[in-house]
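Work through the exercises below with the coordinates open. Try each task before reading its solution.

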Amino acid sequence: MKRIFPIYPETSGSHVSQKRINKLKKKAIEIITKNERSIHVAFRKLQSRYSKPITMDLKLDMAVRKIKNAVVCPGSDEDWGFSDEEKIWIPTIKMNDTFLLGILLHESLHYCCTFNGKDICSKDEHYVMRLLGEECEK
């Protein structure tokens, strides 16, 4: 399985802006699309941990759409980003571009895969993200 998440440096960076988000959207979409196989393998590995047969539906088009719709929002230091099935919101806190790219990737993968037609719990989604090389918990 290929690592898709960047290695996060220990620098803080400047406040997030829509301009910075827009600058990284293309790169995030490229990472998702070029690594479709690795993402699929990671979710299959999660699927194999269940004892009952599970039907998996992975919608990476949803992940790409969420990145395209990513916006800056007011927020606190407690939230690094959040998403639903359509959009990603990233608060105007300080973070470097590498970490901002990681947030876009992380949030894009939430809700893009279902097992038996139901959302996967956040803990299991984070397991998949760790399989894909994310080294810090969002």
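**Exercise 1. Count the helices and strands of the protein chain, then give their order.**

Solution. The model is a predicted one.
- Step 1: the protein chain holds five helices and six strands.
- Step 2: read from the N terminus, the elements follow the order α-α-β-α-β-β-β-α-β-β-α.

**Exercise 2. Find the radius of gyration of the protein chain and set it against the value for a compact globule.**

Solution.
- Step 1: the chain has 138 residues, so a compact globule would have a radius of gyration near 14 Å.
- Step 2: the protein chain has 15 Å, which agrees.
- Step 3: add the extents. The C-alpha trace spans about 45 × 30 × 25 Å along its principal axes.

**Exercise 3. Describe burial, surface and contact range for the protein chain.**

Solution.
- Step 1: take burial. Of the 138 residues, 47% count as buried.
- Step 2: take the surface. The protein chain exposes about 7,600 Å². Carbon and sulfur atoms supply 51% of that area.
- Step 3: take the contacts with a separation of 6 or more. Residues 24 or more positions apart account for 67% of them.

**Exercise 4. Characterise the packing of helix α1 against helix α3.**

Solution. Two packed helices are described by the angle between their axes and the distance between those axes.
- Step 1: locate the helices. Helix α1 covers residues 18-34, and helix α3 covers residues 60-68.
- Step 2: get both quantities. The axes come within 9 Å and cross at roughly 175°.
- Step 3: classify the angle. Angles over 145 degrees count as roughly antiparallel. Therefore α1 and α3 are roughly antiparallel to each other.
- Step 4: list the residues that meet. From α1 come Lys25, Ala28, Ile29, Ile32 and Thr33. From α3 come Leu60, Ala63, Val64, Ile67 and Lys68.
- Step 5: sort the contact residues by type. They divide into seven nonpolar, one polar and two charged.

**Exercise 5. Examine the positive phi values of Tyr111 and Asn116.**

Solution.
- Step 1: start with Tyr111. Its phi is positive, about 70°, although Tyr111 is not a glycine.
- Step 2: place Tyr111. The residue lies in the loop between α4 (97-109) and β5 (113-115).
- Step 3: check the accessibility of Tyr111. Its relative accessible area is 29%, so Tyr111 is partly exposed.
- Step 4: repeat for Asn116. Its phi is near 50°, again positive in a residue other than glycine.
- Step 5: place Asn116 in the loop between β5 and β6 (118-119).
- Step 6: with a relative accessible area of 46%, Asn116 is partly exposed.

**Exercise 6. Is His126 buried or exposed, and where does His126 lie?**

Solution.
- Step 1: His126 sits in helix α5, residues 122-131.
- Step 2: the cut-off for buried is under 20% relative accessible area. At 11% relative accessibility, His126 therefore counts as buried.
- Step 3: relate His126 to Pro9. They are 117 residues apart in sequence and 20 Å apart in space, C-alpha to C-alpha.

**Exercise 7. Map the surroundings of Thr92 and His15, leaving aside neighbours up to four places away in sequence.**

Solution.
- Step 1: place Thr92 in the loop between β4 (88-91) and α4.
- Step 2: at 37% relative accessibility, Thr92 counts as partly exposed.
- Step 3: list the contacts of Thr92. They are His15, Val16, Val72, Cys73 and Pro74.
- Step 4: turn to His15, in the segment before α1. Its relative accessibility is 47%, so His15 counts as partly exposed.
- Step 5: list the contacts of His15. They are Arg20, Thr92, Ile93 and Lys94.
- Step 6: add one distance for each residue. Thr92 and Gly81 are eleven residues apart along the chain, with C-alpha atoms separated by 9.8 Å. His15 and Gly102 are 87 residues apart in sequence and 15 Å apart in space, C-alpha to C-alpha.

**Exercise 8. Which residues does Asp79 touch, not counting those up to four places away in sequence?**

Solution.
- Step 1: Asp79 is in the loop between β2 (71-73) and β3 (82-83).
- Step 2: at 39% relative accessibility, Asp79 counts as partly exposed.
- Step 3: Asp79 touches Pro91 and Ile93.
- Step 4: Trp89 is ten residues from Asp79 along the chain, and their C-alpha atoms are separated by 9.8 Å.

How values were computed:
Residues are numbered from 1 along each chain as its sequence is written. This is a predicted model: local features need pLDDT of at least 70, side-chain atom pairs count only at pLDDT 80 or more; totals for chains, interfaces and linings use all residues. Side-chain values use heavy atoms; hydrogens and water are left out. Axes are lines fitted to C-alpha atoms, for helices over the stretch in contact, and angles run from 0 to 180 degrees between N-to-C directions. Helices (H or I, at least four residues) and strands (E, at least two) are DSSP runs, numbered from the N terminus. Angles under 35 degrees count as roughly parallel, over 145 as roughly antiparallel, 65 to 115 as roughly perpendicular and the rest as oblique. Contact means heavy atoms within 4.5 Å. Ala, Val, Leu, Ile, Met, Phe, Trp, Tyr, Cys and Pro count as nonpolar, Asp, Glu, Lys and Arg as charged, and the others, Gly among them, as polar. Buried means under 20% relative accessible area, exposed over 50%, partly exposed in between (1.4 Å probe, protein chains only). The radius of gyration is taken over C-alpha atoms; the globule rule is 2.2 Å times the number of residues to the power 0.38. Accessible areas come from the Shrake-Rupley method with a 1.4 Å probe; for residues, only the protein chains shown count as cover.
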